[in-house]
Amino acid sequence: MTDAVDRTIREFLVPDLGEGLLDATIVEWLVVPGDTVGVNQPLCVLETAKAEVEIPSPYAGTVVERRGEPGQTLPVGTPLIFIDSGVPPGAGRGPGVAADPGAATSAGPDTTVGTDGADRTGAESGPVLVGYGTGAGTDTGRRAVRRRPAPRRSPSTVPTDTGRPRAKPPVRLLARRLGVDLAVLGTGSGPEGTITRTDVHAAAASPTRGTGGDGGSDSGTRSIPVRGIRARTAAHMERARREIPDAHCSLTVDFSRLLVLRDRLRARDAENVATPFALLLRLLTLTLREHPRLNATYVQDGPVVRTYDAVHLGIGTATPRGLVVPVVRDAQDLSTVRLAQEVARLADGARVGTLTPRELTGSTFTVSNFGALGLDEGVPVVNHPEAAILGVGSIRPRPHVVDGDRLVVRPTAKLTCAFDHRVCDGAEAAAFLTALGALVEDPDTLLLRL
């Protein structure tokens, strides 16, 4: 490769997506070496703790080299892809004229090519904005960026000898989620053999097609890669099971009076309805303040048990990308209505992938609401490095004994506490759980503790 060609190759680094994260996982490449790309044309899909993000190209040109394979995690700031723009920096331009109207003018992670053709480096360069080159926020920096939609590929510009199945990014994402191997499908039913969503759904419904089975004893099986959030969750759970000697205890609790309280609140303020789960969390924060060893961490150095005055509640939330645990910070200081609103906001943000890293880290105690999934009970895994987690089963009318020997039907739920046996023993965990159960069964006693 000649020096002239070398000077036309642009290096694009793994971008900081504005989340403060240190790395990102490659979910899928959307281009291969030899492809011709335009500015803002998607290059790949990266996954962070927040969401899957399509990364657009900051340059127009030909893909020379890719770094990393699907499933591989790359640190922010390391090379992601190399693109030959065909134009050396500053070549063939007069003042105010870009060398290629389809090319971004960023010459590298720390260089901005100004409208006068000169390289501007150092403090004058701003951060790389994905798909839009660089700019220090000055008028010159803004004029240097050519922003336009990615051009549509004509049949003549789409490589036909790469062996990569034709499919749009949303279809590829659907195939990943359904466990369909696009390479096995080959040609699709769309224009020029493009694989469509219908093709993917048909393959997912078939016991053999699109799974890579060999037609023998393994026919009808499929291998689903574990990546992104699910891979991180798997590693986190493995560590928790390996390092935390957990035990658990359960208690069936009568929610009758708590539901009556919910109904009274609903009658007074229909717009800010506190759900039974939010009311339970309100009682939980008070109970944790009185049983601090459950709101704690075991520290190997020492060793010591570190307790916390603040209650940062982690809320286990099921999302299409896997289990996410958004955090209600300083839950002990929130009103019941504010707590309910914050839980709802965080749950919605977790499902659509818009939460910040701070909203997903730093919990001191976690709650897993099995009841929201229709389950009566379960034993949760302690969220490392916390000392305990509370599992909440569904609230349903069930036979319940009151007054010692009288059988009635009451709305009950099972509360299960899994705890680190190094931090507290069974007696302490039982005292915590029975105290919480007593508040649920008689929430009016809360007034005596305020």
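**View 1. The hairpin of β20 and β21 in the predicted model.** The hairpin has 3 residues between its strands. One residue of this hairpin, D403, takes a positive phi near 55°. Most residues other than glycine have a negative phi. Strand β20 covers residues 396-402, and strand β21 covers residues 406-420. The two strands run antiparallel and are joined by 7 bridges. V402 of the hairpin stands opposite R406 in β21.

**View 2. An open sheet in the order β1-β8-β6-β3.** This sheet has 4 strands, and their pairing is antiparallel. The edge strands are β1 (9-13) and β3 (36-37), each of which pairs on one side only. Strands of a sheet pair through backbone hydrogen bonds, either parallel or antiparallel. Start at β1: 5 bridges join this strand to β8 (residues 79-84). E11 has F82 in β8 as its bridge partner. Next, β8 pairs with β6 over 4 bridges, again in the antiparallel sense. Here V63 stands opposite I83 in β8. Finally, β6 (residues 61-66) pairs with β3 over 2 bridges, and this pairing is antiparallel too. V37 faces its opposite number G61 in β6.

**View 3. An open sheet in the order β5-β4-β2-β7.** Four strands make up this sheet, with antiparallel pairing. β5 (52-56) and β7 (73-75) stand at the edges. Each edge strand has a single partner strand, so one side of each is left without a neighbour in the sheet. From one strand to the next, the twist averages 40°. Inside the order, β2 (residues 23-29) pairs with β4 over 4 bridges in the antiparallel sense. Which residue in β4 is the bridge partner of W29? That partner is C44.

**View 4. N40 in the loop between β3 and β4.** The loop leads to β4 (42-47). N40 is not a glycine, yet its phi is positive, at about 75°.

**View 5. The largest pocket and its lining.** About 1,200 Å³ of space lies in this pocket. Its lining counts 49 residues. The closest to the pocket centre are I315, G316, L323, V324 and V325. Several elements give two or more residues to the lining: α6 (228-243), α8 (276-290), β15 (313-319), β16 (322-324), α9 (336-352) and β18 (365-369). Which element gives the most? α9 does, with 7 residues. How does the lining divide by residue class, and what are the counts? The lining holds 30 nonpolar residues, 15 polar and 4 charged.

**View 6. Packing of α8 against α9.** Both helices also give residues to the lining of the largest pocket. The axes of α8 and α9 come within 9 Å and cross at roughly 120°. That angle makes α8 oblique to α9. The crossing is right-handed.

**View 7. Packing of α8 against α7.** Helix α7 covers residues 256-268. The axes of α7 and α8 come within 10 Å, crossing at roughly 110°. Are these helices oblique or roughly perpendicular? Angles of 65 to 115 degrees count as roughly perpendicular, and the crossing therefore makes α7 roughly perpendicular to α8. The hand of this crossing is right-handed.

**View 8. Packing of α8 against α10.** Helix α10 covers residues 426-441. The axes of α8 and α10 lie 10 Å apart, and the packing angle is about 140°. Angles over 145 degrees count as roughly antiparallel. The pair is therefore oblique. α8 passes α10 in a right-handed crossing.

**View 9. The cis peptide bond from G302 to P303.** Omega at this bond is near -15°. P303 lies in the loop between β13 (296-299) and β14 (304-307). Most peptide bonds are trans.

**View 10. The cis peptide bond that joins H384 and P385.** Omega here is about 10°. P385 is found in the loop between β18 and β19 (388-392). β18 is also one of the elements that line the largest pocket with two or more residues.

Terms used. Residues numbered from 1 in each chain as written. Predicted model: local features only at pLDDT ≥ 70, side-chain atom pairs only at ≥ 80, totals over all residues. Heavy atoms only, no water. Pairing = 2+ DSSP bridges. 1 Å grid on protein atoms, 1.4 Å probe; cavity = no way out; pocket = protein on both sides within 12 Å on 5 of 7 lines; lining within 4 Å. Points joined across faces, edges and corners; volume = space filled by probe spheres on them. Nonpolar A, V, L, I, M, F, W, Y, C, P; charged D, E, K, R; others polar. Axes fitted to C-alpha atoms, helices over the stretch in contact; angles between N-to-C directions. Parallel < 35°, antiparallel > 145°, perpendicular 65-115°, else oblique. Left-handed = near helix turned anticlockwise from the far one by under 90°.
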